[in-house]
Amino acid sequence: MDLNGRRTSGNVDDRRGQRISGKAVGGLGLGGMVIVGIITLLLGGNPADVISTVNSLSGGTEYVTTQVETTPEEDELAVFASRILAGTEDVWTKVFAQNGLQYIPPKMVLYKDYVQTGSGMASAQTGPFYNSADQTVYLDLAFFTGMKKEIGADGDFAYAYVIAHEVGHHVQYLLGTLQDAHSQMSRMSEKQSNQMSVRLELQADFYAGVWAYNDNEMFGSLERGDVEEGLAVASKIGDDYLQKQAYGYTVPDSFNHGTSEQRSRWLRKGLSCGDIRQGDTFSLSYGSL
């Protein structure tokens, strides 16, 4: 991506210099907490649920804050993340205004290991997430290193897609989509709730594509290979791909983010049209997503 001369966002809270570490003195212990988080996410949970579960099961976990130095590589990624967030602010402010609405940007917190959120303490093991309780995107920049190491996904647009996806959940929150879906999910069976979650996640993928389309229109930010980077990531974070990598088989009823094909297709759709009105993932039959 070409981000030369682009502004950074004023909505970034950089807490990387204060690392919070967890020391288990009772309860499940740190290892057990991480396992709970991973299982919850894979089997149909959401980050808020993971935070709640970790807090309730961690028992006597003691959190210690230490001052740490950031590396030049991390600082470079922090500037990049701030510029991407600024780009989402510019794009969604314009898109909302075109539809007679006002866009209120989210905050972004950069942290290491653990972070205090509006829903309690959260671990970097949950990955990047959006918390509607405080309208904030939380990001441990080490996730990007993990993307490259664990699933072979790399590139600036690949990283931007991750951020734009989480901001997509904020867009859903502002439009009331997120609250309505979560309300319905609380009354559904586990299978139906997972399917509703898939609809939310695919729409967030679509919104990430809408952002990229409009950011490119406004700033000429996309370069050769960028779109392929994003689609490559989408194909490697589908529920089917991740479950096959972890277990060697898939459990479709537990899918809560969408298959690789679905995630790639909705991201591509947003990238192709740039029109927020074409991202209704809720009216289609589940099998048509």
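**Exercise 1. Place Gln125 in the fold and state whether its side is buried or exposed.**

Solution. Begin with the secondary structure, in which helices (H or I, at least four residues) and strands (E, at least two) are DSSP runs numbered from the N terminus. Gln125 sits in the loop that runs between strand S6 (120-123) and strand S7 (129-131). Next take the accessibility, for which buried means under 20% relative accessible area, exposed over 50%, and partly exposed in between (1.4 Å probe, protein chains only). With a relative accessible area of 48%, Gln125 is partly exposed. Finally, look across to Asp113, which is 12 residues apart from Gln125 along the chain, and whose C-alpha atom is separated from that of Gln125 by 7.8 Å.

The structure is a predicted model, in which local features need pLDDT of at least 70 and side-chain atom pairs count only at pLDDT 80 or more, while totals for chains, interfaces and linings use all residues. Residues are numbered from 1 along each chain as its sequence is written, and side-chain values use heavy atoms, with hydrogens and water left out.

**Exercise 2. Describe how strands S5 and S6 are arranged.**

Solution. Two strands pair if DSSP finds at least two bridges between them. Strand S5 (residues 114-117) and S6 pair in the antiparallel sense, over 4 bridges. Within this pairing, Tyr114 stands opposite Ser123 in S6. The connection from S5 to S6 is a hairpin through 2 residues.

**Exercise 3. Work out which parts of the chain are linked by the salt bridges of Asp215, Asp90 and Lys112.**

Solution. A salt bridge is a side-chain nitrogen of Lys or Arg within 4 Å of a carboxyl oxygen of Asp or Glu, and by this rule the count comes to 11 salt bridges.

Step one: Asp215 forms a salt bridge with Arg6, and their closest N and O atoms are 2.8 Å apart. This pair links distant parts of the chain, since Asp215 is in helix H7 (residues 190-219) and Arg6 in the segment before strand S1 (12-14), 209 residues apart. Asp215 counts as buried at 0% relative accessibility, and Arg6 is also buried, with a relative accessible area of 12%.

Step two: Asp90 forms a salt bridge with Arg7, the closest N and O atoms being 2.9 Å apart. Here too distant parts of the chain are linked, with Asp90 in helix H3 (residues 72-98) and Arg7 in the segment before S1, 83 residues apart. Asp90 is partly exposed at 22%, and Arg7 is partly exposed at 38%.

Step three: the side chains of Lys112 and Glu74 meet in a salt bridge (3.2 Å, N to O). Lys112 lies in the loop between strand S4 (107-110) and S5, and Glu74 in helix H3, so the pair ties together parts that are 38 residues apart in sequence. Lys112 counts as buried at 7% relative accessibility, whereas Glu74 is partly exposed at 22%. Salt bridges that share partners also join Arg7, Glu89 and Asp90 into one network.

**Exercise 4. Which residues does Ser82 contact, leaving aside its neighbours within four places in sequence?**

Solution. Ser82 lies in helix H3 and counts as buried, at 7% relative accessibility. Contact means heavy atoms within 4.5 Å; with neighbours within four places in sequence left aside, Ser82 is in contact with Thr8, Ser9 and Val12.

**Exercise 5. Summarise the chain as a whole.**

Solution. The secondary structure comes to 10 helices and 8 strands, and buried residues make up 47% of the 289 residues. Among contacts between residues at least 6 apart in sequence, 76% join residues at least 24 apart.
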